[in-house]
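Me: Got a minute to go through this one with me? I'd like to start with the cysteines and then move on to the ligand.

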Amino acid sequence: MCGIVAVTGYRKALPLLVEGLEKLEYRGYDSAGIAVIDSDNKKLVCHKAEGKLKNLKHKLDKKIISGSLGIGHTRWATHGKPVLRNAHPHCDWTKQVAVVQNGIIENYFELKTKLESEGIVFTSETDTEVIPHLIQKELNNLSNLNLENSGSTLLIAVRNVISDLEGAYALAVIWSGSPDSLVVARKQAPLIIGLGEGEFVCASDTPAITNITNTILPMEDDEMALLTPLGIEIYNSENERQYRNPISLRLSEQIVDKKHFKHYMLKEIYDQPQIAKNWIKQFLRNDESSLTSINYPFDIQFLKNIDQIQILACGTSRHAALVGSYLLEQYAGIPTNVFYASEFRYSPPPLSPNILTIGVTQSGETADTLAALNMEIKRRQSSGKESYKPNLIAITNRLDSSISRLVPNIIDISAGIEIGVAATKTFFGQLLSFYGLAITFAQIRKSKTHEEIDKMISNLIKIPPILEDLIISHNKISEELAHNFSNMKDVIFLGRGINYPIALEGALKLKEISYIHAAGYPAGEMKHGPIALLEKKVPVISIATPGNVFEKVISNAQEAKARDSYLVGIAPECEGTEIFDYLIPLPLIDEWISPLLTVVPMQLLSYHIAAHRGLDVDQPRNLAKSVTVE
Ligand code: M6R
């Protein structure tokens with residue numbers, strides 16, 4: 001989604017901005033631009049280009065732009081097509097103020113209509129463009145006051161303007177009248193300030209600042225800040241100065257190295273065994289005397305009163321939540337519902353006491369998930385009933401994100417920054433967190449015996465080496481199999497029980513990066529409609545792991561075979577699996593932990609199909625890494 005980087009200091013801004021934007025490319029975008037105040041003539045210089053950042057770099061090639069104050073942006077279209085005129089930064093009619101913005105200004109149309117009636121001509125279809133015009137108008141008004149400090153003047157002008165803006169946004173503003181002042185503001189969209197030596201940087205995501213500093217101050221909602229080479233001033237919505245200590249980025253948030261892999265996605269699939277090792281080390285404990293075998297960074301006493309769980313998430317995180325709900329209900333015996341965060345917000349179930357709400361989001365910034373959690377917190381607080389506590393947990397990969405500020409109890413999956421837009425290793429990390437929660441609830445509710453819990457734990461401990469071997473062998477197999485799939489138009493994924501969400505995830509991965517239509521179904525549901533699609537050109541990928549529903553899945557696969565579909569099985573080599581035209585073999589493992597392995601061929605197959613089709617695997621079209629608009 002849109003990315004912001006802005007800098008003020010002593011070095012030339014342009015290369016720092018371009019470097020920052022390169023680090024934000026993974027978020028997904030369709031145009032890019034920069035604006036710098038040229039230190040020679042104190043004029044605003046603005047350059048933009050459609051498409052990838054390389055187009056902007058090409059435009060900037062050989063341009064000498066001095067000036068150490070600037071803003072940059074990668075845009076993911078919401079209002080107006082992804083064309084040059086809509087790319088950020090946007091300037092006011094006098095070309096003195098430039099603004100980059102993430103998020104959506106909901107009342108822009110009304111503001112625009114008013115500005116147009118005053119004779120201001122708009123050059124884009126964006127919601128953003130109202131902001132620089134409004135700021136310029138404020139600056140004109142403030143000029144009568146003859147304020148001494150131009151930075152403070154800009155700060156006041158921006159404050160006055162944002163009090164009229166509705167929506168969720170993060171923005172950065174520069175003005176040629178104050179050639180070293182940067183004003184930034186945040187409302188429900190991420191923005192962090194990086195503290196360098198003699199320079200300050202602001203960005204929507206940490207990778208964009210790591211070329212300058214590893215010391216950050218995340219901004220809170222409704223805060224704005226003035227950054228100059230001499231320091232920063234942060235203010236809350238009441239215009240009170242805010243003071244707080246900076247924090248250091250963890251190493252995993254600083255390193256985004258592709259190593260020898262062709263794409264980040266492949267590297268991130270290969271990262272998974274290490275994530276399992278880290279999780280085992282961090283979360284599994286040997287302390288017999290404790291309440292549970294899982295090591296949480298928060299007090300879990302409140303979980304003892306919980307008798308129901310609701311999970312809010314989107315996309316891949318929702319699929320992890322579905323595996324989680326299976327574990328929580330079937331293993332730990334606690335009723336659990338999973339909601340699309342975007343639906344929950346507008347049609348939540350009736351309030352009930354003793355419910356635990358879990359938000360799942362790798363980025364910690366997904367607007368739908370944050371809004372749903374916010375709504376749930378507020379409605380519980382305002383219910384007036386003491387028993388309706390907002391018992392909350394969030395599972396995220398980004399401790400520095402908005403969800404970490406919203407929710408008191410965080411399970412950090414510590415997977416390291418994920419660059420590929422298609423989530424892989426973060427999904428895996430989310431699954432592990434759900435295994436931890438299922439064990440915890442099984443212990444609290446005594447729904448499983450010590451022996452059963454020990455068995456689950458020892459099975460989880462065995463995962464890393466099995467996974468290492470599996471990734472190596474499945475990588476080869478998937479690369480080979482990808483050739484058969486590259487001309488397909490539709491693919492069906494089937495799974496049952498705990499592996500049904502893995503079928504959904506397989507279909508989502510394939511759609512996202514290869515642009516092949518795919519759908520996942522519970523295998524037993526196929527005969528109730530989707531079977532009509534089956535024919536030679538529609539392959540069926542079935543997950544069949546020995547356990548509760550193995551024979552059923554094999555029978556469902558037979559039904560597909562009878563309709564001439566090419567059948568791929570993700571299953572162990574055992575009786576029944578000879579039915580598959582192509583077998584991606586699995587080791588014989590306990591069904592409870594099977595999703596941790598069955599997801600791997602899903603990830604690798606989609607990866608190789610997309611790579612074989614020559615597509616941009618890490619930055620698929622139209623998608624964004626963190627979806628910060630509703
Ligand atoms: O950051 P989140 O986990 O909240 O993101 C939710 C979805 O936008 C995300 O999972 C999306 O579906 C991915 N592109 C999946 O690969």
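Me: How many disulfides does the structure hold?

Reply: The structure holds 0 disulfides. Keep in mind that this is a predicted model.

Me: Why is there no bond for Cys-202?

Reply: The closest cysteine sulfur belongs to Cys-2, and it sits 15 Å from the sulfur of Cys-202, which is too far for a bond. A disulfide needs the two sulfur atoms within 2.5 Å.

Me: Is Cys-202 buried or exposed?

Reply: Buried: the relative accessible area of Cys-202 is 0%.

Me: And what about Cys-574, what's its relative accessible area?

Reply: Cys-574 comes out at 25%, so it counts as partly exposed.

Me: OK, ligand next. Which residues are closest to it?

Reply: Ser-317, Thr-361, Ser-363, Thr-366 and Glu-512 are the closest, out of 15 residues that surround the ligand.

Me: Which atom of the ligand does Glu-512 approach?

Reply: A nitrogen atom, which lies 2.4 Å from a polar atom in the Glu-512 side chain. Ser-317 has a polar side-chain atom 2.5 Å from an oxygen atom of the ligand, and for Thr-361 the distance from a polar side-chain atom to a ligand oxygen is 2.6 Å.

Me: How much of the ligand does the protein bury?

Reply: The protein buries 92% of the 410 Å² that the ligand exposes when taken alone.

Me: Which helices supply at least two residues each to the shell?

Reply: Helix H9, residues 315–331, and helix H16, residues 500–514. By domain, the shell draws at least three residues from domain 2 (261–461) and at least three from domain 3 (474–617).

Me: How do the shell residues divide by type?

Reply: Around the ligand there are 6 nonpolar, 7 polar and 2 charged residues.

Me: Switching topic: where is Thr-440 found?

Reply: Thr-440 is in helix H13, which covers residues 425–445. Thr-440 counts as buried because its relative accessibility is 0%.

Me: What lies 2.9 Å from a polar atom of the Thr-440 side chain?

Reply: The backbone oxygen of Gly-436.

Me: Last one, Asn-622. Where is that?

Reply: Asn-622 is in the segment after helix H18 (595–612). Its relative accessibility is 62%, so Asn-622 counts as exposed.

Me: How many residues apart along the chain are Asn-622 and Tyr-29?

Reply: They are 593 residues apart along the chain, yet the C-alpha atoms of Asn-622 and Tyr-29 are separated by 7.6 Å.

Key: Residues are numbered from 1 along each chain as its sequence is written. This is a predicted model: local features need pLDDT of at least 70, side-chain atom pairs count only at pLDDT 80 or more; totals for chains, interfaces and linings use all residues. Side-chain values use heavy atoms; hydrogens and water are left out. Buried means under 20% relative accessible area, exposed over 50%, partly exposed in between (1.4 Å probe, protein chains only). A residue is near a molecule or strand if one of its heavy atoms lies within 4 Å of it. A polar contact is a pair of N or O atoms within 3.5 Å; within protein, one must be able to donate a hydrogen and the other to accept it, and residues adjacent in sequence count only if both atoms are side-chain atoms. Accessible areas come from the Shrake-Rupley method with a 1.4 Å probe; for residues, only the protein chains shown count as cover. Helices (H or I, at least four residues) and strands (E, at least two) are DSSP runs, numbered from the N terminus. Ala, Val, Leu, Ile, Met, Phe, Trp, Tyr, Cys and Pro count as nonpolar, Asp, Glu, Lys and Arg as charged, and the others, Gly among them, as polar. Domain bounds come from an automatic or database domain assignment.
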